[in-house]
Amino acid sequence: QVQLVESGGGLVQAGGSLRLSCAASGSIFRINAMNWYRQAPGKQRELVAAITSGGSTNYADFVKGRFTISRDNDKNTVYLQMNSLKPEDTAVYYCNVNYDSAWVRRADVWGQGTLVTVSS
């Protein structure tokens, strides 16, 4: 059983910054990709940023230059540094981790979500 615990969401004014964290724990042999998604009210969930086990990153066009994804493999934790936040960044942000365990390969697990609200 693998669990993700997210933290760092909250209310911020436009132009401000927030840092999200997501820590994985449980029966993990190896963590592969770690990703951040978001879902705004009435919209589909969308990929925000991704980072591979080797540290390669990928960003959605709407956050390039403003958000930075990083990971600490010793802590099984992924971060999302969000700068220059805009009201349209308001959403529930979800962490997603792909991992290997003793019983399964390439399994996915999701965090509970953390709300980010950007006021204008």
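What follows is a chat between two people about a predicted model of a protein.

Colleague: I'm new to this one, so how many helices and strands are there in the protein?
Modeller: Keeping in mind that the model is predicted, the protein holds zero helices and 11 strands, and its pattern read along the sequence is β-β-β-β-β-β-β-β-β-β-β.

Colleague: And what about the overall dimensions, what box do the C-alpha atoms fill?
Modeller: Taken along the principal axes, the box filled by the C-alpha atoms is roughly 45 × 25 × 25 Å. The radius of gyration is 14 Å, which agrees with the value near 14 Å that a compact globule of 120 residues would have.

Colleague: What share of the residues is buried?
Modeller: Of the 120 residues in the protein, 43% are buried. As for the outside, the accessible surface comes to about 6,400 Å², and carbon and sulfur atoms account for 47% of that surface.

Colleague: Switching topic, how many disulfides does the structure hold?
Modeller: The structure holds one disulfide, and it joins Cys22 to Cys95 with an S to S distance of 2.2 Å. The pair links distant parts of the chain, since Cys22 lies in strand E3 (residues 18-26) and Cys95 lies in strand E9, 73 residues apart.

Colleague: Are those two cysteines buried or exposed?
Modeller: Cys22 and Cys95 are both buried.

Colleague: And why is the disulfide called left-handed?
Modeller: The torsion about the S-S bond of Cys22 and Cys95 is about -80 degrees, and therefore the disulfide is left-handed.

Colleague: Back to the whole chain for a second, what percentage of contacts join residues at least 24 apart?
Modeller: If you take the contacts between residues at least 6 apart in sequence, 54% of them join residues at least 24 apart.

Colleague: Now Asn98, which strand does that one lie in?
Modeller: Asn98 lies in strand E9, which covers residues 91-100, and E9 is also the strand that holds Cys95.

Colleague: Is Asn98 buried or exposed?
Modeller: Asn98 has a relative accessible area of 11%, and because buried means under 20%, Asn98 counts as buried.

Colleague: So which residues is Asn98 in contact with, leaving aside its neighbours within four places in sequence?
Modeller: With those neighbours left aside, Asn98 is in contact with Ile31, Asn32 and Ala33, and also with Arg106, Ala107 and Asp108.

Colleague: You mentioned Arg106, so which of its atoms lies 3.3 Å from the side chain of Asn98?
Modeller: That is the backbone oxygen of Arg106, which lies 3.3 Å from a polar atom of the Asn98 side chain.

Note on methods: Residues are numbered from 1 along each chain as its sequence is written. This is a predicted model: local features need pLDDT of at least 70, side-chain atom pairs count only at pLDDT 80 or more; totals for chains, interfaces and linings use all residues. Side-chain values use heavy atoms; hydrogens and water are left out. Helices (H or I, at least four residues) and strands (E, at least two) are DSSP runs, numbered from the N terminus. Buried means under 20% relative accessible area, exposed over 50%, partly exposed in between (1.4 Å probe, protein chains only). A polar contact is a pair of N or O atoms within 3.5 Å; within protein, one must be able to donate a hydrogen and the other to accept it, and residues adjacent in sequence count only if both atoms are side-chain atoms. Contact means heavy atoms within 4.5 Å. A disulfide is a pair of cysteine sulfur atoms within 2.5 Å. The radius of gyration is taken over C-alpha atoms; the globule rule is 2.2 Å times the number of residues to the power 0.38. Accessible areas come from the Shrake-Rupley method with a 1.4 Å probe; for residues, only the protein chains shown count as cover.
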